[in-house]
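Me: I'd like to go through this one and ask how each label was earned. Can you show it to me before we start?

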Amino acid sequence: MAAAQSSLGETIKDDVTCSICLELINRPKMLPCQHTFCQNCLQEFAGREVTFECPYCRLPVNLPSEGVEGLPGNLLITSLCERLKKQELSKETREEFEGNRCSFHPSLELQLYCKPCHLPVCELCLEETHDSHLTTTIARGAKDRKPKIQALIKDGRNIMKTYSDLSKQEEAMNNQKQQTDRSINLACNQMVQKLMQRRDYLLSEAEQHHIKNLERIHNGRVLRKELSDACDQAEQALQHGGSRFLTQENILTKVVGKHQVDGKAALTPVQTQPAVFQPTDTPVPILGHVKIRSLPSVPVPATTASSNNKTRGEDQSVRHIYQSTESFGTQGSKKGEHNNPRGIAVSEEGEIFVADQKNQRIQVITIHQDDRYSVRQFPTFLSDEQKMAPHDIAMDSEEKLWVVGDTNSADFAVQYDKQGIWVLRKIQLEDTKWTRGIAVDPRKNHILITQTTGDGDNKHGEVLVFTPDGVKVRTVGAAHDHGKWKKIRQLVGPGDVQQGLKFPQYIAVDRKGNILVSDNENHCIYMYNKYGKFLFSFGGEESGEGQLEDPKGICIDKSGNIIVADKEKGQSELFDNKGNFLRHIKVADEVPQAVAVTKQGHLVVTDCVNHKVVMFVEE
């Protein structure tokens, strides 16, 4: 019988639920269309309007002079709601009784409270699992744990306050979206209007030139006919004989004289000047950018000591929020397109240099003050006949470019002038068949290049340090180098310090001359001082914040923080200068490869999977 009542209650509950507040109808008021709602819900829905539409069927409703209160009630709905409330109260009483039963042994009541496990237990639980545990009575356990639960509830309620204005936030967001759409459409329409005006002007100009050319051709036809007629008449007169042809001499002299200079015939063909359209070489105009406004800081509610565990570096992370604003290029071989863009560097003027590996060239992106951008390019050649596939690129203190890459027979590091016209220096390297990274130490203008030898699981890595003339100064990061610094192994972190680098990918040098190397196979970043002495490493493949799966590009931002591209995770990671994790930097569908920071603090990232360059602006 109880089951039948419960089933009936579930069946009719939808019929006595207000479709506005989704609760049982309170103080039912029936509309002319027979739909019933809570009195308070209707008053809020109608507001001050005298006429409104039914929230359910949209039929118009005219309120009586008393307003919503003057609408008829619904005694049936009132009766059913009262019965359902009584049924739910009896159900709660049953659940309270059942709540004193053990969830593992439903036939037994809970009798004791296990202190170590923070669980109420029955007799069998005590024998099977909690035999040696310290226990107390249920009442005492409830009294002892009540403050803890109340504190958690308070924390939860405080956190809930931060979500209190979601409806207003959604409404504001929708309004802002509509305004943004209108602004984009307006800017587009204005630009299209200007283009159309320019098109009409150019078409009109071309039409005027065309009319002038047609007039010249028409005049030429008239002159030709005049000459033809005069010559034909003179020939006919000559054929008839007699003196008649003598009368044609004056006519011929006049007509032909129009085309003579100094008594000699002058060939004067009709001169036409066809109008040809020459498109401008200016970059494609950009409407603008959709930029993400930084949100106002939200006050964080006070929390108890139980929830006061902070992530390392949390206090600093709020200062480094990067928002994606622009992407450049897609897959291809035309100017502005990329095919496996790997390395990246930036100049003092903000030019972005991209190592476009499979296209065997460097592409240079220049962003102008009006938010337009232009692209130029130059091939990574070694000689007139030989090109190099670039792996990475760096800029030295003299604004010269250093590019490392490979040919079919060897690897090279090549110095170009900034325009890419001249090969200034060239360092030949071992043909290892592995990709390389390159960086420049601006203090001594030393060139640092990664090198990996071996294959499979037997790789060995190191960093080669050269002078610009190609003289090797030292190696950094090899297994024997790490062995020199055994005394500081307790500071290491992830990675095997004794083993050394395995598959070094990219390099960066900070302001102090410290060398940072991303190691793909050890899943971490190694840091060495300016003399090549190992300092520490961070990252590692374990789960958790700040762990690295496939570290690639690495750079230092203007605050001295370390940015690492994690290709496998599809995001870049931000660390402080001690290797403490700060935050993620991510944009949808991004697969980061190399990273660099402009003088203005913007982060630029190459994506060799989607074949593009993405720019982030620091908020």
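What follows is a set of questions and replies about the labels used for this predicted model.

Me: To get my bearings, how many helices and strands are in the chain, and what share of its residues is buried?

Reply: The chain has nine helices and 33 strands. Of its 619 residues, 38% are buried. The exposed area comes to about 37700 Å², with 51% of it supplied by carbon and sulfur atoms. Also, 45% of the contacts with a separation of 6 or more are between residues 24 or more positions apart.

Me: Why is Q505 called buried?

Reply: Buried means under 20% relative accessible area. Q505 has 3%, so Q505 counts as buried. You'll find Q505 in strand β23, residues 504-509.

Me: What does Q505 touch, leaving out residues up to four places away in sequence?

Reply: Its contacts are R342, T435, R436, G437, T450, S518, N520, P551 and K552. Two of those, R436 and K552, also come up in salt bridges.

Me: OK, R436 then. What makes its pairing with D411 a salt bridge?

Reply: The cut-off is a side-chain nitrogen of Lys or Arg within 4 Å of a carboxyl oxygen of Asp or Glu. R436 and D411 come to 2.9 Å, N to O, so the pair qualifies. The two are 25 residues apart: R436 is in the loop between β18 and β19 (438-441), while D411 is in strand β17, and the pair links distant parts of the chain.

Me: Are R436 and D411 buried or exposed?

Reply: Buried, both times. R436 has a relative accessible area of 1%, and D411 is also listed at 1%. Set against the limit of under 20%, these values put R436 and D411 in the buried class.

Me: And how do you know that K552 and D550 form a salt bridge?

Reply: Same test. The closest N and O atoms of K552 and D550 are 3.7 Å apart, and the limit is 4 Å, so this pair is counted. K552 is buried at 10% relative accessibility, and D550 is buried at 13%.

Me: Why can such side chains pair at all?

Reply: Side chains of opposite charge can pair when their charged atoms come close.

Me: How many salt bridges does the structure hold, and which residues do shared partners join into one network?

Reply: There are 18 salt bridges in the structure. Shared partners join E349, E351, R376, E399 and K418 into one network. Within it, K418 bridges to E351, with the closest N and O atoms 3.6 Å apart. K418 sits in the loop between β17 (411-416) and β18 (423-429), and E351 in the loop between β11 (341-346) and β12 (352-356), so this bridge ties together parts 67 residues apart in sequence. K418 is buried at 17%, as is E351 at 14%.

Me: What makes β19 and β22 edge strands?

Reply: Each of them pairs on one side only. The sheet is open, with four strands in the order β19-β20-β21-β22 and antiparallel pairing. From one strand to the next, the twist averages 25°.

Me: How do you know that β21 and β22 count as a pair?

Reply: Two strands need at least two bridges between them. β21 (residues 460-466) and β22 have four, in the antiparallel sense, so they count as paired. One place to look is F466, whose bridge partner in β22 is K472.

Me: Why is I159 called partly exposed?

Reply: Partly exposed covers the range between the buried limit of 20% and the exposed limit of 50%. I159 comes in at 44%, so that is its class. I159 belongs to helix α5, residues 138-161. Together with Y163 and L166, I159 makes a nonpolar surface patch of about 310 Å².

Me: Last one: what is the class of E545, and which residues is E545 in contact with beyond four places in sequence?

Reply: E545 has a relative accessible area of 46%, so E545 is partly exposed. Its contacts beyond four places are F581 and H584. E545 lies in the loop between β26 (534-539) and β27 (551-556). The C-alpha atoms of E545 and E573 are 9.4 Å apart, with their positions 28 residues apart along the chain.

Methods
Residues numbered from 1 in each chain as written. Predicted model: local features only at pLDDT ≥ 70, side-chain atom pairs only at ≥ 80, totals over all residues. Heavy atoms only, no water. Buried < 20%, exposed > 50% of the residue type's maximum accessible area, 1.4 Å probe, protein only. Contact = heavy atoms within 4.5 Å. Axes fitted to C-alpha atoms, helices over the stretch in contact; angles between N-to-C directions. Patch = residues over 30% accessible without salt bridge, like charges linked within 9 Å, V, L, I, M, F, W, Y side chains within 5 Å. Areas by Shrake-Rupley, 256 points an atom, 1.4 Å probe, with all protein chains shown as cover.
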